[in-house]
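The exercises below ask for a careful reading of one protein model, from its overall fold to its rings and its core. Please work through each task before turning to the solution that follows it.

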Amino acid sequence: MSRFLVIFTGILALACSSASLADTDEPGEKISAAAFGYVYTAETEEAGETEVELWATDRRGKGQGHYDAQDYRLEVERGITDRFQIAAYANFAGHHIRGVEPDLDKVGRDFAFQGLSAEFIYALRKPTNGRLGVALYAEPGWSRIHKISGEEGTEYEVELKAIVQKNFLDDRLVWAANLTFEPEWERESGAPLAAVDEEAWEKELNVEVASGLSYRVAPKLWLGIEGRYHSVYPDWTHGLHRENYSLYAGPSVHYDGGKWSITGAWLPQLFGSPNAGGSSLEFDDHEKRELRVKLSYEF
C-alpha cells in the first residue's frame with residue numbers, strides 16, 4: 001500500500017500546485033468526462049482538443065494470503081470532430097502475491113510495462129438541453145502481463161461499450177450508465193505459438209454493467225457514487241456459462257480546476273459468487289476492494 005500512497009500523494013500534490021495556474025471554466029459550461037472513476041460519460045473532446053490522463057488503480061485482497069496489484073495507464077486523447085475522439089494508452093502493472101494458493105503463484109513485481117491499447121468513442125447524441133446522451137466505445141488492446149495472476153503471456157482483447165448519460169438540475173446532477181462486453185484471447189508464456197490452433201488460446205468474455213450519480217456541490221467539486229456488476233464467461237465461443245460475478249459500489253470525488261482535474265473512486269466488493277470459507281465475496285477474478293485515482297490535463 002505504501003508504494004501506491006507515494007504515487008497518490010505525488011499526483012495530488014501536482015494537481016493542487018497546478019490548480020492555481022489552471023484556466024477556470026464557467027460553472028456548468030461543460031460536463032467533464034472524468035466526473036467518475038470507473039463509469040464513462042457520453043461527453044467527448046471537442047475537435048482539436050487534446051487531453052493527457054494518468055490513471056493509478058490499486059486492487060487489494062483475496063480470500064487468503066497476501067494480494068495487491070497496481071494498474072497504471074498513461075492516456076492521450078484527441079478530439080477529431082465534436083462527436084468523435086480517439087486515444088492511445090500505455091499500460092503498466094505491479095503485482096505482489098504470496099500465499100494465495102492454489103490458483104496464483106508467488107509474484108513480486110513493483111512496476112513493469114504491460115501493454116498497449118487504443119480507444120475510439122463516437123457520440124451519437126450529446127447530453128445537452130436535457131436530452132439523453134448516447135455514445136459507442138471500442139478499445140482494442142494487447143497485454144503481456146495477466147491482470148489477475150501477474151504471469152507473463154500474450155493477451156488480445158476488444159472492449160465494446162454502450163454509454164448513456166442524462167443531466168439534471170441545470171447540469172448539476174449527472175447520471176451515466178455503461179454496458180460492456182469484452183472478449184479476450186489469452187496464451188500463456190511458453191505455449192506453442194499457433195494462432196490457428198484453438199487449444200493454444202484461452203477465450204474469456206467479461207460482461208459489466210456500471211452506473212453512477214455525481215452532483216456538483218461547489219463550482220469545481222463533484223461528489224458521487226458508482227456501482228459495477230462484473231461477470232466472467234469462459235470459453236464463450238462454445239456457449240455462454242457464467243463462471244463468477246461480483247458487485248462493487250462506493251463513493252467518488254471529482255475536482256475540476258479548469259485545464260487540470262483529479263478524480264478518485266473507492267469501490268469495495270459488496271458480494272459475489274461463487275464464494276467459500278464463509279465469505280460472501282468472489283476472489284478468483286475479483287479483489288476485496290479497488291482504489292482509483294485519475295489526473296487529467298487538457299490543452
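In these exercises, buried means under 20% relative accessible area, exposed means over 50%, and partly exposed lies in between, with a 1.4 Å probe and protein chains only. The model is a predicted one, in which local features need pLDDT of at least 70 and side-chain atom pairs count only at pLDDT 80 or more, whereas totals for chains, interfaces and linings use all residues. Residues are numbered from 1 along each chain as its sequence is written, and side-chain values use heavy atoms, with hydrogens and water left out.

**Exercise 1. Determine which elements the protein has and how its strands are arranged.**

Begin with the inventory: the protein has 1 helix and 12 strands, where helices (H or I, at least four residues) and strands (E, at least two) are DSSP runs numbered from the N terminus. Read from the N terminus, the order is α-β-β-β-β-β-β-β-β-β-β-β-β.

Next, follow the pairing, for which DSSP must find at least two bridges between two strands. The 12 strands make a closed barrel that runs S1-S2-S3-S4-S5-S6-S7-S8-S9-S10-S11-S12 with antiparallel pairing. From one strand to the next the twist averages 20°, an angle taken between N-to-C directions on a scale from 0 to 180 degrees, with axes that are lines fitted to C-alpha atoms, for helices over the stretch in contact.

Then look at single pairs of strands. Strand S2 (residues 66-79) and strand S3 (residues 84-98) are antiparallel over 14 bridges, and they form a hairpin with 4 residues between them; Glu-77 has Ala-87 in S3 as its bridge partner. S3 is in turn joined to S4 by 13 bridges, again antiparallel, and here Phe-92 is partnered by Phe-113 in S4. Strand S6 (residues 152-168) is joined to S7 by 14 bridges, with Phe-168 opposite its bridge partner Leu-173 in S7.

**Exercise 2. Classify the aromatic pair of Trp-185 and Trp-236 and say which parts of the chain the pair ties together.**

First, apply the criterion: rings of Phe, Tyr and Trp (its six-membered ring) pair if their centres lie within 6.5 Å, and planes under 30 degrees apart count as stacked, over 60 as edge-to-face and the rest as tilted. A search of the whole structure finds 11 aromatic pairs. In one of them the ring centres of Trp-185 and Trp-236 are 5.7 Å apart with the planes at 70°, so this pair is edge-to-face.

Second, place the residues: because Trp-185 lies in strand S7 (residues 173-188) and Trp-236 in the loop between strand S9 (221-234) and strand S10 (244-256), the pair ties together parts 51 residues apart in sequence. Trp-185 has a relative accessible area of 30% and is therefore partly exposed, and Trp-236, with 23%, is also partly exposed.

Third, set beside it the pair of Tyr-229 and Tyr-245, which is tilted, at 5.8 Å centre to centre and 35° between the planes. Tyr-229 belongs to strand S9 and Tyr-245 to strand S10, 16 residues apart. With 24% relative accessibility Tyr-229 counts as partly exposed, whereas Tyr-245, at 18%, counts as buried.

Finally, note that ring pairs also link Tyr-72, Phe-92, Phe-111, Phe-113 and Trp-142 into a cluster.

**Exercise 3. Identify the residues of the largest nonpolar core and the strands that each supply at least two of them.**

Start from the meaning of the term: a nonpolar core is a set of buried Ala, Val, Leu, Ile, Met, Phe, Trp, Tyr and Cys residues joined through side-chain atoms within 4.5 Å. The largest has 9 residues, namely Tyr-40, Ala-42, Trp-55, Tyr-89, Ile-121, Ala-123, Ala-135, Tyr-137 and Ile-163. Strand S4 (107-125) and strand S5 (133-145) each supply at least two of these.

Continue with one member, using contact in the sense of heavy atoms within 4.5 Å. Leaving out residues up to four places away in sequence, Tyr-137 touches a set of residues that includes Tyr-40, Tyr-89, Ile-121 and Ile-163, and also Glu-119 and Glu-159.

Conclude with Trp-55, where the charged end of Lys-294 sits over the ring, 4.6 Å from its centre, and Arg-73 lies over the face at 5.5 Å from the ring centre; the criterion asks for NZ of Lys or CZ of Arg within 6 Å of the ring centre and within 35 degrees of the ring normal.
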